[in-house]
Amino acid sequence: MTTVLPIRAPWREATRALRDGAVKLAGFVATPLVPADYLDLLSPLHSATELRGRIVAVEPETPDAATLVIKPGRGWRRHIAGQYVRVGVDVDGVRLWRAYSLTSPLDRPDGCLTITVKAIPGGVVSNHLVRRARAGTIVQLDQACGEFTLPETGPAKVLFVTAGSGITPVMGMLRNRDDRLADVVVVHSAPTPRDVIFGAELGRLAENGHIRLVKRHTDTDGMLDAATLEDLVPDLAERETWACGPLGLLDAMERHFERTGRADQLHTERFRPNTLVTGEGGQVSFAKSGTVIEVDGATPLLEAGEAAGVLMPSGCRMGICFGCVAPLREGAVRDLRSGDLTTAAAGDGVLIQTCVSAAAGACDIDL
Amino acid sequence: MTVIQKKTDNPIAHLSAQDIEDLGAELDAIRADVIASRGERDAAYIRRVIDAQRTLELSSRALLLVSLFPPAWLAGTAGLAVAKILENMEIGHNVMHGQWDWMRDPKIHSTTWEWDHASPSEMWKHSHNELHHTYTNVIGKDNDLGYGIMRVDEDQRWVPLNLGQPLWNFVNACFFEYGIAAYDLELGKNWSSRKDNPEFQLQAKAVLAKIRAQMTKDYVVHPLLSGLAAPTTLAANAVANLVRNLWSHSVIMCGHFPEGVETFEKKSIVGETRGEWYLRQMLGAANIEGGPLTHLMAGNLSFQIEHHLFPDLPSNRYQEIAPRVQELFERYGLTYATGSLPSQVVSAWKKVIRLSLPNGFFDRLKSVRTPAAAVEVAAQLTGTRPPTRERAAA
């Protein structure tokens with residue numbers, strides 16, 4: 001047995017003073033850069049302020065999906081099963097951020113995390129990650145976030161309803177299952193059997209009695225709807241449900257749970273914002289960068305600013321994480337999800353979510 | 001040179017308004033081609049240059065820790081000078097122009113970049129990007145024409161202070177980064193009213209803070225880290241800064257001062273069209289010929305013409321589009337001002353010396369043969385007998 005001798009307080013103070021001094025000195029040495037800029041040359045994963053990761057492997061899952069194994073940098077904190085991580089990838093020289101569900105076990109011995117990406121038609125980032133990403137590439141990371149997780153004390157019976165890549169956060173939970181997931185039904189829908197991400201692993205979980213798996217193939221069975229779901233899962237009314245998939249499926253699920261008075265029993269995860277309305281558009285000026293552009297009423301200000309070369313903070317791109325918030329100095333914007341109008345008079349500096357807001361007249365944004 | 005509008009052989013007289021707009025459209029097409037093809041290769045280029053610059057700086061500074069050993073001093077000083085030049089020219093200047101903003105990398109972005117220079121990036125961007133690049137070579141608008149301390153155009157008024165401008169120019173070259181900071185502060189204009197100009201005071205404070213940080217790094221911390229080698233490291237850093245200043249001053253002087261570069265009247269830019277703006281940029285800058293190393297060390301300002309046409313295109317693309325730009329010059333009957341680095345430096349210096357005297361005096365001095373004639377010229381210069389138009393023409 002080893003014992004750790006407590007360091008006496010004066011020593012601790014001295015080491016702290018020494019360390020603070022060293023940090024200050026390093027700052028003098030590096031100005032106008034910061035010491036981390038030079039450390040990045042040697043070890044890009046070392047930085048505690050700029051969280052990055054290195055792609056360790058790209059493993060194909062289906063013809064158009066792949067799992068990326070990423071070694072996160074020093075600043076990575078643990079995630080909760082079901083959460084997503086935002087990944088910044090340089091595609092053709094341009095840094096683009098997207099959110100992907102974490103699929104890795106929390107106690108992976110190599111400390112790596114995994115995300116599973118499905119290449120969607122026309123998807124710049126997803127196609128790049130699935131088809132062009134190579135081991136060794138450095139990507140930018142954010143800490144994991146998201147509310148699509150199991151509660152501390154699990155419900156007796158659980159239902160997962162997923163479609164396509166919607167299986168990814170659920171697989172994150174299944175791989176980290178504990179006694180909270182004793183009675184689980186998974187209803188998963190994909191176009192054909194070969195499109196089922198994690199098909200073999202789901203099959204094994206079912207064979208071993210960990211889950212009851214209901215596979216649906218939309219090419220032959222048609223789209224999953226609430227009525228079919230009641231047939232497939234007779235005890236649906238007793239199951240707290242987590243659903244992830246296309247907007248149509250989630251909307252149908254929400255209507256069903258609302259109708260049966262169980263809205264609080266349904267948890268959904270959306271990969272894209274639900275656009276209800278579009279604004280009017282207008283001239284948008286970015287005060288700090290001096291950029292002025294004409295934007296239509298359907299384009300989120302985040303995308304418009306990025307396209308014009310403005311350094312826009314960004315997050316989940318679906319109005320959840322508030323990572324994209326910026327002050328609207330003056331003008332009017334419309335929330336693309338609800339149609340709500342937000343106006344700011346000169347000097348107001350109203351904080352708006354640029355990823356789900358479009359111009360509804362001239363706007364002056366403090367970026 | 002004389003403003004283009006007053007010239008008897010106006011080099012753009014042969015262009016119709018339509019020609020100028022066509023020229024503008026052709027330049028827009030070149031720009032669009034570069035923007036459409038900007039991508040991974042360009043991003044890899046700037047990242048490689050930044051990594052190389054930082055590695056060179058780190059290793060040079062490491063060498064200088066043992067700068068008591070003469071070969072280490074020599075290699076360290078040379079490496080540091082090159083690193084400082086790259087940092088200011090190919091990286092700092094170009095990043096702050098927004099040439100790499102399209103990468104959306106917050107670490108390489110015009111709004112976040114700070115450089116190894118006395119002038120804080122925010123101030124420099126205003127005086128350089130907004131003023132100089134907009135009003136390029138417009139007399140009375142573009143203070144880069146002589147930086148407010150020199151006369152580099154016949155149409156700038158001569159004052160006796162100009163007699164010393166070859167000396168001012170040399171001193172400015174040695175302390176170029178401080179000269180730029182003073183220039184960005186508009187020190188000359190603001191000095192007398194400094195007490196009741198809070199904005200100036202704020203900016204001056206920022207400059208002083210920047211200078212203090214730079215000086216502490218180069219002249220206190222790094223020498224002290226070298227222990228016994230402190231004096232030699234201090235000398236090395238001073239030499240590296242001097243070399244960087246002399247080099248960047250020379251390259252920048254070649255951009256607008258050599259013979260063949262045109263200047264413009266203030267009223268000529270009222271209602272200027274996009275095509276006319278392009279034309280002014282084409283004629284208001286001069287290039288430097290040389291190999292890849294010259295271009296890299298010049299921050300690609302050796303393609304000053306291309307840079308002035310498209311200040312925000314990635315610097316590595318200027319040499320690629322130069323042949324297309326040059327072809328346009330030929331097709332539209334314009335002169336593409338270019339020359340080797342030594343010839344352009346000499347040309348610029350000649351102008352600084354020639355225009356230190358009032359118009360026409362330099363040629364008259366050259367023809368002075370007798371002491372009496374010299375006295376006559378000197379008397380006119382000192383104002384005892386101001387030159388008249390007739391005399392100057394005689």
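Hi everyone, let's start where the two chains meet: 26 residues of chain B are in contact with 18 residues of chain A. Please keep in mind that this is a predicted model.

So which parts of chain B face chain A? Helix 2, residues 40-64, and helix 8, residues 198-225, each supply at least two residues of the side that touches chain A. Helix 2 of chain B gives the most, with 7 residues. As for chemistry, the residues on that side of chain B divide into 11 charged, 8 nonpolar and 7 polar.

Now let's step back and look at chain B as a whole. Chain B has 17 helices and 2 strands. Its C-alpha atoms fill a box of roughly 70 × 55 × 45 Å along the principal axes. How does the radius of gyration of chain B sit with that of a compact globule? For 394 residues, such a globule would have a value near 21 Å, and chain B has 23 Å, which agrees. Buried residues make up 40% of the 394 residues in chain B. And if you take the contacts in chain B with a separation of 6 or more, 69% of them are between residues 24 or more positions apart.

Over to chain A, and to helix 3, which covers residues 124-132. Ser126(A), Leu129(A) and Val130(A) are buried there. Why do I say they line one face of the helix? Looking down the axis of helix 3 of chain A, you find its buried residues within an arc of 90°, so they line one face. On the other side of this helix, Arg131(A) and Arg132(A) are exposed. And what do the buried residues of helix 3 of chain A pack against? Their partners, also in chain A, are strand 2 (65-72), strand 3 (84-91) and strand 5 (113-118).

Last stop, one residue in a loop: Asp142(A), found between strand 6 (138-141) and strand 7 (158-163) of chain A. Is Asp142(A) exposed or only partly exposed? It has 19 C-beta neighbours inside 10 Å, and a residue needs 20 or more to be buried and 12 or fewer to be exposed, so Asp142(A) counts as partly exposed. Leaving out residues up to four places away in sequence, Asp142(A) touches Leu51(A), Val85(A) and Arg86(A). Gly27(A), by contrast, is 115 residues from Asp142(A) in sequence, and their C-alpha atoms are 25 Å apart in space.

That's my tour, thanks for listening, and I'm happy to go back to any of these spots on the screen.

Methods
Residues numbered from 1 in each chain as written. Chains lettered and ligands numbered in written order. Predicted model: local features only at pLDDT ≥ 70, side-chain atom pairs only at ≥ 80, totals over all residues. Helix = DSSP H or I, 4+ residues; strand = E, 2+ residues; numbered from the N terminus. Arc of directions from axis to C-beta. Contact = placed C-beta atoms within 7 Å. Rg over C-alpha atoms; globule rule 2.2 N^0.38 Å. Nonpolar A, V, L, I, M, F, W, Y, C, P; charged D, E, K, R; others polar.
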